[in-house]
Amino acid sequence: MPAQSELVGRWDIVSWEQAYDDGRIQYPLGEDLEGFLRYTTDGEMTIMITSRDRPVFTSGGQWDADDEELAGAYRSMLAYAGRYDIDGDVVVHHVELSLFPNWKGGQQRRRFVFRKDGALALEARLETGTPQARTARLVWCRHGAWGTHER
């Protein structure tokens, strides 16, 4: 069984895809991403992923830009943080803060696999039993090892 110490550190995003049961593949933030996932030794976690080509605001600042730019910023980023623990081959993220407010106070469960190339793959089933049923797959590499991993 994997130990918590194997997860500890900073992981940079390589890819994020959602494979629908009907065969569709979607890339929620596009195929060109930047971001990281960090696990600490004391059980804290942070995840931030963005589209690499996020436009800067032209209509105002972070609080007074127009609604279209604010919505675009939300649609081009995933961010949450909290504590984590391990349950077999599943890492459980206990969400304390999230860009998506519905996740606050909840859990995000991700099956994890350490690939032979050293990458970390996280996987979650979403909306099982609905027409939108899918598997989210995120691949991460250790910080500094960028470019050595395949999607």
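How many salt bridges does the structure hold? The count is 12. Here are some notes on this predicted model, starting from the core and working outward.

1. **The nonpolar core.** The largest nonpolar core is made of 22 residues. W16, L37, Y39, I49, L120, L122 and W140 are the members with the most contacts inside it. Seen by strand, at least two residues of this core come from each of β1 (9-20), β3 (33-39), β4 (44-51), β5 (77-87), β6, β8 (120-126) and β9 (134-142). As general background, nonpolar side chains in soluble globular proteins tend to be buried together.

2. **I49 and its surroundings.** I49 is a good place to start if you want to look into that core, being among the residues with the most contacts inside it. With neighbours up to four places away in sequence left aside, I49 is in contact with I13, W16, L29, L33, E34, G35, S76, M77, L78, L138 and W140. Of these partners, W16 and W140 are themselves listed among the core residues with the most contacts.

3. **Strand pairing around β3.** Strand β3 pairs with β1 and with β4. Strands β1 and β3 run antiparallel and are joined by 4 bridges; R10, for instance, has R38 in β3 as its bridge partner. The pairing of β3 with β4 is antiparallel too, with 7 bridges, and here F36 has M48 in β4 as its bridge partner.

4. **The β3-β4 hairpin.** The hairpin formed by β3 and β4 has 4 residues between the strands. If you are checking backbone torsions, look at G43 in this hairpin: its phi is positive, near 90 degrees.

5. **A salt bridge between two strands.** Back to the charged pairs: E44 and R83 form a salt bridge through their side chains, at 3.1 Å from N to O. This pair ties together distant parts of the chain, as E44 sits in strand β4 and R83 in strand β5, 39 residues apart. Both ends count as partly exposed, E44 with a relative accessible area of 36% and R83 with 34%.

6. **Two further salt bridges.** D22 and R24 meet through their side chains in a salt bridge of 2.9 Å, N to O. D22 counts as exposed because its relative accessibility is 52%, just as R24 is partly exposed at 33%. In the salt bridge of D117 with R115, the closest N and O atoms are 2.8 Å apart. D117 is partly exposed at 34% relative accessibility, and R115 is partly exposed at 24%. In general terms, side chains of opposite charge can pair when their charged atoms come close.

7. **A salt-bridge network.** Beyond single pairs, a network of salt bridges links E17, R111, E123 and R137. You may like to display these four residues together.

8. **A buried arginine.** Is R134 buried or exposed? R134, which is placed in strand β9, counts as buried because its relative accessibility is 12%, and the limit for that class is under 20%. Residues up to four places away in sequence not counted, R134 touches Q18, A19, Y20, D21, A124, R125, L126 and E127.

9. **E127, one of those contacts.** E127 lies in the loop between β8 and β9. Its phi is positive, near 50 degrees, in a residue other than glycine. With a relative accessible area of 43%, E127 is partly exposed.

10. **A nonpolar patch on the surface.** Y74, L99 and F100 make up a nonpolar surface patch with about 250 Å² of accessible area together. L99 belongs to the loop between β6 (90-98) and β7 (107-114), and its relative accessible area of 35% makes L99 partly exposed.

11. **F57 in its loop.** F57 is another loop residue, found between β4 and α2 (67-75). F57 is partly exposed, at 27% relative accessible area. Apart from neighbours within four places in sequence, F57 is in contact with Q62, A65, E69, L70 and A73. For a sense of distance, the C-alpha atoms of F57 and G118 are separated by 37 Å, and these two residues are 61 apart along the chain.

Key:
Residues numbered from 1 in each chain as written. Predicted model: local features only at pLDDT ≥ 70, side-chain atom pairs only at ≥ 80, totals over all residues. Heavy atoms only, no water. Patch = residues over 30% accessible without salt bridge, like charges linked within 9 Å, V, L, I, M, F, W, Y side chains within 5 Å. Areas by Shrake-Rupley, 256 points an atom, 1.4 Å probe, with all protein chains shown as cover. Buried < 20%, exposed > 50% of the residue type's maximum accessible area, 1.4 Å probe, protein only. Core = buried A, V, L, I, M, F, W, Y, C linked by side-chain atoms within 4.5 Å. Contact = heavy atoms within 4.5 Å. Pairing = 2+ DSSP bridges.
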